[in-house]
Amino acid sequence: MPTGRLLVVVNLHASRARTLLGEALACLAVNGFDLDIRHADDRGDLGDIIRDGATRADAIVVGGGDGTVNAAIAGLIDAGKPVGILPLGTANDLALTLGIPGRPLDAADVIIAGHRRRIDVGRVNDSHFINVASVGLSVEIANRQDEELKRQWGVFSYVVATIDTLGAAAPFEARVTCGGRSEIVSAYQIAVGNGIHYGGGLMVSPDARIDDGLLDVYAIETASVADLIALAPRLRDGTLVERNDVAFFRGPTARIETAAPMPVNTDGEVTTETPADFSVLRGALEVFAPPAT
C-alpha cells in the first residue's frame with residue numbers, strides 16, 4: 001500500500017511513546033500517508049475508537065505495547081483492515097514474533113513497505129490474546145510490575161518483578177486437556193501460547209508459530225523453587241518443554257481446570273479466570289510484517 005489513510009490509535013502512556021512516537025508518525029506522513037491520530041485515556045475504549053474510525057481508513061496502526069494490542073484486538077477483528085504495529089511498550093513481544101524492528105521509526109518502514117501476512121488470535125473464555133495466556137506465577141509477576149517499574153527498568157522490569165515474586169511461589173493442581181490428552185499437573189505455571197514470544201523475549205517452545213492454528217501449552221512441574229530458577233535459561237529459547245518436569249501439549253483447543261477459580265493473564269493483563277477454555281481464531285488478523293522466515 002504505497003499511500004492511503006491510516007487510523008493511528010496510540011497509547012500515550014506507553015513507556016516509549018513520548019520519545020519515539022513523533023519520528024515514526026512523521027515518517028509515515030512524509031511518505032504520503034494521511035494520518036487520523038487518536039488516543040484513549042482508558043484502554044477499554046480502544047475497541048470503540050477503532051470501530052468508529054476504521055470505516056474511513058485503509059489500514060489501522062496501533063502504537064503501544066502488547067497490552068495495547070491486546071486491548072485493541074476485538075476492535076481490530078471487527079474492523080477487518082490491515083494492521084500496522086509501532087512498538088512503544090516495554091517488551092513488544094508481538095513485534096519480536098513478527099520480525100518487526102523494535103525501533104518505531106524502523107517499524108514505520110515496515111508499514112510503508114506494505115508486505116502483509118495473516119496471523120492467528122487466541123481466545124480464552126470471552127477474552128482474546130495474541131501472545132500468551134497463563135495461570136500461576138506469571139499472574140503475580142504481572143500484578144507486581146506496575147508502570148513506574150516499567151519506566152524505571154524497561155524490559156528488565158520483568159526480571160525485577162520475577163525475583164520479587166519467587167520467594168512466595170507455590171505450586172497448584174490443575175487438569176490440562178489438550179491435543180487428545182487430559183492430565184492432572186502440579187505446576188508453578190501453565191502457559192498457553194498462540195504466538196512465539198512473551199514476557200520480554202521468552203519463547204513458548206522452539207516450534208511455536210503464530211499462524212499454524214495450534215496452541216503450545218506447557219506446565220512447569222519442578223520439585224522446588226530452586227529447580228524453577230535453574231530452568232530459567234531454557235525459557236529464553238523455549239527448550240524447557242524438553243525437560244521431564246515440564247508437561248507439554250499442542251493442539252487447536254485447550255482447557256485448564258482448577259479446584260477453585262484462578263486468575264488468567266492474557267498478554268500481561270488479568271482478564272478472566274479458570275475454568276478456562278482456549279481456542280484459536282485462525283488468520284483473524286492481517287498485519288504489516290516482513291515475510292515469514
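This briefing walks through the fold, the salt bridges, one helix pair and a few backbone details of the structure above.

Please keep in mind that the model is predicted. The protein has 10 helices and 18 strands, and 54% of its 293 residues count as buried. Among contacts with a separation of 6 or more, 72% come from residues 24 or more positions apart.

**Salt bridges**

- In total, 20 salt bridges are found in the structure. As background, side chains of opposite charge can pair when their charged atoms come close.
- Arginine 5 and aspartate 36 form one of them, with their side chains 3.8 Å apart, N to O. Arginine 5 belongs to strand 1 (residues 4-10) and aspartate 36 to strand 2 (residues 33-39), so this pair ties together parts that are 31 residues apart in sequence.
- The two partners differ in burial: arginine 5 is partly exposed at 27% relative accessibility, whereas aspartate 36 is buried at 13%.
- This pair also belongs to a network of salt bridges that links Arg5, Asp34, Asp36, Arg38, Asp52 and Arg56.
- Another salt bridge joins the side chains of arginine 43 and glutamate 269, at 2.7 Å, N to O. The two residues are 226 apart in the chain, with arginine 43 in the loop between strand 2 and helix 2 (46-54) and glutamate 269 in strand 17 (residues 269-273).
- Arginine 43 is partly exposed, with a relative accessibility of 30%, and glutamate 269 is partly exposed with a relative accessible area of 30%.
- Arginine 255 and aspartate 277 also meet through their side chains in a salt bridge of 2.7 Å, N to O. Here the link runs from strand 15 (residues 254-258), home of arginine 255, to strand 18 (residues 276-288), home of aspartate 277, and spans 22 residues.
- Both ends of that link are partly exposed: arginine 255 has 27% relative accessibility, and aspartate 277 has 38%.

**Helix 2 and its surroundings**

- Which residues of helix 2 are buried? They are Leu46, Gly47, Ile49, Ile50, Gly53 and Ala54.
- Viewed down the axis of helix 2, these buried residues fall within an arc of 160°, so they line one face of the helix. The general background is that an α-helix has 3.6 residues a turn, so residues three or four places apart point the same way.
- The cover over the buried residues of helix 2 includes strand 1, strand 2, strand 3 (59-64) and helix 3 (66-79).

**Packing of helix 2 against helix 3**

- Two packed helices are described by the angle between their axes and the distance between the axes. For helix 2 and helix 3, the angle is about 35° and the axes are 8 Å apart.
- Helix 2 and helix 3 cross in a right-handed way.
- On the helix 2 side, the contact is made by Leu46, Gly47, Ile50, Arg51 and Ala54; on the helix 3 side, by Thr68, Ala71, Ala72, Ala74, Gly75, Leu76, Asp78 and Ala79. Sorted by class, this contact has 8 nonpolar, 3 polar and 2 charged residues.

**A closer look at glutamate 183**

- Glutamate 183 sits in strand 9 (residues 181-187) and is partly exposed, with a relative accessible area of 30%.
- Leaving aside residues up to four places away in sequence, glutamate 183 touches Ala174, Arg175, Val176, Ala247 and Phe249.
- Phenylalanine 249 is 66 residues away from glutamate 183 along the chain, and their C-alpha atoms are separated by 10.0 Å.

**Backbone points to check**

- Most residues other than glycine have a negative phi, and most peptide bonds are trans.
- Where does a cis peptide bond occur? The bond from threonine 274 to proline 275 is cis, with omega near 0°; proline 275 is in the loop between strand 17 and strand 18.
- Asparagine 125 has a positive phi of about 50° although it is not a glycine. Asparagine 125 lies in the loop between strand 5 (116-124) and strand 6 (127-129) and counts as partly exposed at 25% relative accessibility.
- Aspartate 267, likewise not a glycine, has a positive phi of about 55°. Aspartate 267 is placed in the loop between strand 16 (263-266) and strand 17.
- Is aspartate 267 buried or exposed? With 10% relative accessibility, aspartate 267 counts as buried, because the cut-off for buried is under 20%.

Conventions:
Residues numbered from 1 in each chain as written. Predicted model: local features only at pLDDT ≥ 70, side-chain atom pairs only at ≥ 80, totals over all residues. Heavy atoms only, no water. Salt bridge = Lys/Arg side-chain N within 4 Å of Asp/Glu carboxyl O. Helix = DSSP H or I, 4+ residues; strand = E, 2+ residues; numbered from the N terminus. Buried < 20%, exposed > 50% of the residue type's maximum accessible area, 1.4 Å probe, protein only. Arc of directions from axis to C-beta. Contact = heavy atoms within 4.5 Å. Axes fitted to C-alpha atoms, helices over the stretch in contact; angles between N-to-C directions. Left-handed = near helix turned anticlockwise from the far one by under 90°. Nonpolar A, V, L, I, M, F, W, Y, C, P; charged D, E, K, R; others polar.
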